[in-house]
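Visitor: I would like to know how the labels on a structure are earned. Could we go through some of them one at a time?

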Amino acid sequence: RSQNDAAESNGFGPWFDTIACASITYWTSPGPCGVTALGLASAPRDVTTISNESKVVLVAWDLPADTGDATANLDLVLHYLVTYSQSSTFTAPKTVSATKNNVSIDLSECISYYFRVSAETRVGRGDLSAATSVVPFNCTSTACLPGQFANWTYSTEGNQTNRTKICVECPADSFSVALDASNCTSCHNFSVAPVGSVSCSCVAGYEPAGASVCNPCSTGHFKGSVGETQCIPCPSDSYQPSTAM
């Protein structure tokens with residue numbers, strides 16, 4: 001009980017139940033027992049995101065102007081809730097908790113993320129901040145094809161490090177087979193490749209003998225051009241006494 005109308009009608013004036021007062025934590029308006037009115041915290045201000053040379057994004061914000069008692073009494077904030085999503089409408093959001101005004105989150109690069117922050121007190125969860133977004137690394141999303149490798153360049157704009165990908169063809173006598181290869185592999189011995197290749201071929205006088213192996217043609221056999229064909233026997237009335245011809 002906070003007030004007894006019957007007691008007031010008997011001339012004793014309003015009185016308050018001391019047990020109820022002892023259990024009161026918050027009131028929605030100024031009330032009895034000397035309890036200060038508390039409400040929900042206002043939204044954290046100036047939410048920023050920083051993505052440097054990693055896919056970890058630092059989300060930081062300024063403290064709410066009002067934590068529920070018309071002041072910025074930080075002792076009233078239990079924690080902050082950072083809600084983020086790959087959708088600007090916050091479809092399928094995720095939430096992480098922080099006890100201070102910043103948190104680091106490990107995300108996927110080349111994908112846009114959106115963030116909103118709120119402060120929670122014992123009254124409940126306060127207002128959400130305005131949304132802000134970031135693309136970890138700010139990289140392009142087009143994959144480099146086999147025969148190419150990904151060459152990354154970096155530039156800084158304010159607190160944001162932008163990472164840009166350029167697809168470069170593998171140089172001569174090297175190759176790549178994976179999407180977004182980080183480098184090209186040199187051709188094995190006695191094999192060559194033109195620029196932008198996905199494989200290497202045995203030179204003339206050598207034939208393929210398994211992965212990354214070129215063996216010389218045996219005596220009496222020859223191979224006159226670059227390629228993955230086998231050595232063939234010499235024509236009638238001819239002979240090749242040497243190997244690798």
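Guide: We can start with a pair of residues in two strands: valine 59 has valine 103, in β5, as its bridge partner. This is a predicted model, where local features need pLDDT of at least 70 and side-chain atom pairs count only at pLDDT 80 or more, while totals for chains, interfaces and linings use all residues. Residues are numbered from 1 along each chain as its sequence is written, and side-chain values use heavy atoms, with hydrogens and water left out.

Visitor: What makes β2 and β5 a pair of strands?

Guide: A strand here is a DSSP run of E with at least two residues, and helices are runs of H or I with at least four residues, numbered from the N terminus. Two strands pair if DSSP finds at least two bridges between them. Strand β2 (residues 56-62) is joined to β5 by five bridges, and the two run antiparallel. The count therefore meets the requirement of at least two bridges.

Visitor: Which other strand belongs to this sheet, and in what order do the strands stand?

Guide: The order is β1-β2-β5, an open sheet of three strands with antiparallel pairing. Between β1 and β2 there are five bridges, and threonine 48 stands opposite alanine 60 in β2.

Visitor: Why is one side of β1 and of β5 left without a neighbour in the sheet?

Guide: β1 (45-51) and β5 are at the edges and have a single partner strand each, so one side of each has no neighbour in the sheet. On average, neighbouring strands of this sheet are turned by 20° against each other, direction ignored. That angle is taken between axes, which are lines fitted to C-alpha atoms (for helices over the stretch in contact); angles run from 0 to 180 degrees between N-to-C directions.

Visitor: Which residues of β5 are on its covered face, and which on the uncovered one?

Guide: Val103 and Ile105 make up the covered face of β5 (residues 102-106), and Asn102, Ser104 and Asp106 the uncovered one.

Visitor: How do you know that cysteine 170 and cysteine 184 form a disulfide?

Guide: A disulfide is a pair of cysteine sulfur atoms within 2.5 Å. The sulfur atoms of cysteine 170 and cysteine 184 are 2.0 Å apart, so the pair qualifies. The torsion about their S-S bond is about -80°, so this disulfide is left-handed. Cysteine 170 is in the loop between β10 (160-169) and β11 (174-175), and cysteine 184 in the loop between β11 and β12 (185-186), 14 residues apart.

Visitor: Why is cysteine 184 called buried?

Guide: Buried means under 20% relative accessible area, exposed means over 50%, and partly exposed is in between (1.4 Å probe, protein chains only). Cysteine 184 has 19%, so it counts as buried. Its partner cysteine 170 is buried as well, at 0%.

Visitor: How many disulfides does the structure hold?

Guide: There are five. Among them is the link of cysteine 217 and cysteine 231, with sulfur atoms 1.8 Å apart. This link is left-handed, with -75° about the S-S bond. Cysteine 217 lies in the loop between β16 and β17, and cysteine 231 in the loop between β17 and β18 (232-233), so the disulfide ties together parts 14 residues apart in sequence.

Visitor: Why does cysteine 234 have no bond to cysteine 217?

Guide: The closest cysteine sulfur to that of cysteine 234 is in cysteine 217, at 9.0 Å, which is too far for a bond. Cysteine 234 is buried, at 17% relative accessibility.

Visitor: What makes histidine 221 partly exposed?

Guide: Its relative accessible area is 26%, so histidine 221 falls between the two limits of 20% and 50%. Histidine 221 lies in strand β17 (residues 221-222). A polar atom of its side chain is 3.2 Å from the backbone oxygen of threonine 219. A polar contact is a pair of N or O atoms within 3.5 Å; within protein, one must be able to donate a hydrogen and the other to accept it, and residues adjacent in sequence count only if both atoms are side-chain atoms.

Visitor: Is serine 197 buried or exposed?

Guide: Serine 197 is buried, at 9% relative accessibility. Its side chain reaches the backbone oxygen of proline 194 at 2.6 Å. Leaving aside neighbours within four places in sequence, serine 197 is in contact (heavy atoms within 4.5 Å) with residues including Cys170 and Phe175.
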